[in-house]
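Hi everyone, thanks for coming. Let me put the structure up on the screen, and then we can walk through a few of its side chains together.

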Amino acid sequence: MSKTEDIIENEILKHTNISKEELERKIREKIEEFGGIIKREAALIVLAKELGIPIPRENFSQQLSALKIKDLAVGFRGIDVEGIVISRQPLLKSSTGKEYLRFALADENDAIWVIAWGEKALELDPQLKIGQKILLSRASVRKYRDKKEIVLDKNSTIRMLENIDTSTIMELSRKLGFPLTLVEVVKSFSDDTGITLYGYNNECKPLAVRVLSKDPRLKISEGDTLLLSNCTINTFDNYSQVTCRPSSYLQKLDKKQTCFERDMEELFISGILLGYEVFSREGGKIYLLTNTGVKSIVFFRDKLLAEASNLIFRETRVWGYRKIDDALREIAYTKLEGGNQIFPAFERNKRFLEVEGFIETRANIVSIDLNRKCRGAYNLFSIYVTLDDGTSTIKFLSNSSKSLHEVFSLSQEELCDYTDDVIEEIIAYRQDELGGEEATIRGYISRRQRVSFLLEISPTV
């Protein structure tokens, strides 16, 4: 029997009519009540508390500080616990408006959530960091949603010990089921609902992060290194997608960037936006002229396609994408970044078969067609003109308002004023007028795509 057990046992026997045999029975029952996970010393402490017998703290505080997290049980009060902060939430407010702070405390084998309320939460918030080793004193253990939880009250104290290195913390948090995400920020976009980040994780693999927070204090700059806690992550073949909600915590690290020498094409695709096609369902497909040829990217949102419609023949970066075999798809956090307008050098008076690239020439109109999408704020359209220059027949795509007027005598503003039947009549009428007629065109011929791309067309009639 330890010195602490001897002291507590004598205090119980002195202040009650319990016999030594009955006390031993109660100790066994208390250990069984806690599922056998507590030691005899801890059972004696709980019994003393229940019987209202004060035990001088100085008699056992040193032993209690050595308790492992797995030994903690509901009902413990006034305990000391040492551990490492492996996860935390920001300072939040309850439905009654009271501040609270939750964080996860771990030793080498176990972890437990800790909660502080009111003034204690306000006190801890600015100083509590993930990766700190700390000592909690005068804490209690309660049951919350069928799990154990440490509670800090106004009499509890917390002592900051040494800091643990980031790689050790990430490994420990993964082992105990509190995964952390590290991101070296390359690009940041802000909007009314939060922040979208693009960068690399601790393995220098690309990821996109959506931070759903309107907190004006949240300042993230390109070049920052962040440790993300309580965020969800989905991993694709070439990308990870992370969602951080208001209960997530973002911690800036003083860490040197290590991944910036990598190919940035893992984070974005850059090129000249040649055109887009609308789907009958939501979304469509854009075509981007990159330094390795024309690539198509499928968008599943009309909103994103509408943003692309304003970037035709401009330098464009598509941040965040997903590869499926050889196909490219948007992810939930894809962003478009527009650059300069492009004024390409056109090869003039060449035949279709002689050029793969920008061309200015004359050809005969074989057929025309029009797809449109009129849904709320998004007025989207794709024009198709099949042309024959005597050596080859090529189908061209255009999204130009000027081409819309030249080919169909329609303005973009009135495109959605007509029913489908009327639009079909307009297409048939203009087909009869333009079929076989010569036109001057400027565009881009692509051999690998099923369509090429018109910048301008001027029929002779």
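Here is a question to start with: which residues does Phe-299 touch, not counting residues up to four places away in sequence? Before I answer, please keep in mind that this is a predicted model. The contacts of Phe-299 are Phe-279, Glu-282, Gly-283, Gly-284, Ile-286, Leu-304, Leu-305, Ala-308, Val-318, Glu-330, Thr-334 and Leu-336.

Phe-299 belongs to the largest nonpolar core, which has 60 residues. Together with Ile-286, Phe-352, Leu-370, Val-385 and Phe-408, Phe-299 is among the members that touch the most others there. There is also a second, separate core of 25 residues, and Val-46, Phe-76, Val-81 and Val-85 are included in it. As a general point, nonpolar side chains in soluble globular proteins tend to be buried together.

You may have spotted a glutamate among those contacts, so let's follow Glu-330. Its side chain meets that of Arg-301 in a salt bridge, at 2.7 Å from N to O. The two partners are 29 residues apart: Glu-330 is in strand E19, while Arg-301 is in the loop between strand E17 and helix H7. Is Glu-330 buried or exposed? Glu-330 counts as buried because its relative accessible area is 8%, under the 20% cut-off. Arg-301, at 29%, is partly exposed.

In total, a search of the whole structure finds 33 salt bridges. Let me pick out two that sit within helices. In helix H7, Glu-307 pairs with Lys-303, with the closest N and O atoms 2.9 Å apart. These two are four residues apart, so about one helical turn separates them. Both ends are partly exposed, Glu-307 at 29% and Lys-303 at 47%. In helix H9, Glu-433 and Arg-430 are three residues apart, again about one turn. Their salt bridge has an N to O distance of 2.4 Å. Here Arg-430 is buried at 10%, whereas Glu-433 is partly exposed at 33%.

There is a network too: salt bridges link Glu-5, Glu-9, Lys-20, Glu-24 and Arg-40. Glu-5 and Glu-9 are also among the buried residues of helix H1. That helix has 13 residues and reaches 19 Å from its first C-alpha to its last, close to the 18 Å expected.

Now for the rings. The structure holds twelve aromatic pairs. In one of them, Tyr-100 and Trp-117 are tilted, with 5.3 Å from centre to centre and 40° between the planes. That pair connects strand E3 with strand E4, across 17 residues of the chain. Tyr-100 is buried at 18%, and Trp-117 is partly exposed at 28%. How are the rings of Trp-113 and Phe-178 arranged? Their planes are at 65° and their centres 5.7 Å apart, so that pair is edge-to-face. Trp-113 is in strand E4, and Phe-178 lies 65 residues away in the loop between helix H6 and strand E8. Trp-113 is buried at 19%, and so is Phe-178 at 15%.

Last stop: Phe-189, Tyr-198, Phe-268 and Trp-319 form one aromatic cluster. Over the ring of Phe-268 sits the charged end of Arg-317, 4.1 Å from the ring centre. Lys-395 does something along those lines with Tyr-384, its charged end sitting over the ring at 4.6 Å from the centre. Thanks, and I'm happy to take questions!

How values were computed. Residues numbered from 1 in each chain as written. Predicted model: local features only at pLDDT ≥ 70, side-chain atom pairs only at ≥ 80, totals over all residues. Heavy atoms only, no water. Phe/Tyr/Trp six-rings, centres within 6.5 Å; stacked < 30°, edge-to-face > 60°. Buried < 20%, exposed > 50% of the residue type's maximum accessible area, 1.4 Å probe, protein only. Lys NZ or Arg CZ within 6 Å of the ring centre and 35° of its normal. Core = buried A, V, L, I, M, F, W, Y, C linked by side-chain atoms within 4.5 Å. Contact = heavy atoms within 4.5 Å. Expected span 1.5 Å × (residues − 1). Salt bridge = Lys/Arg side-chain N within 4 Å of Asp/Glu carboxyl O.
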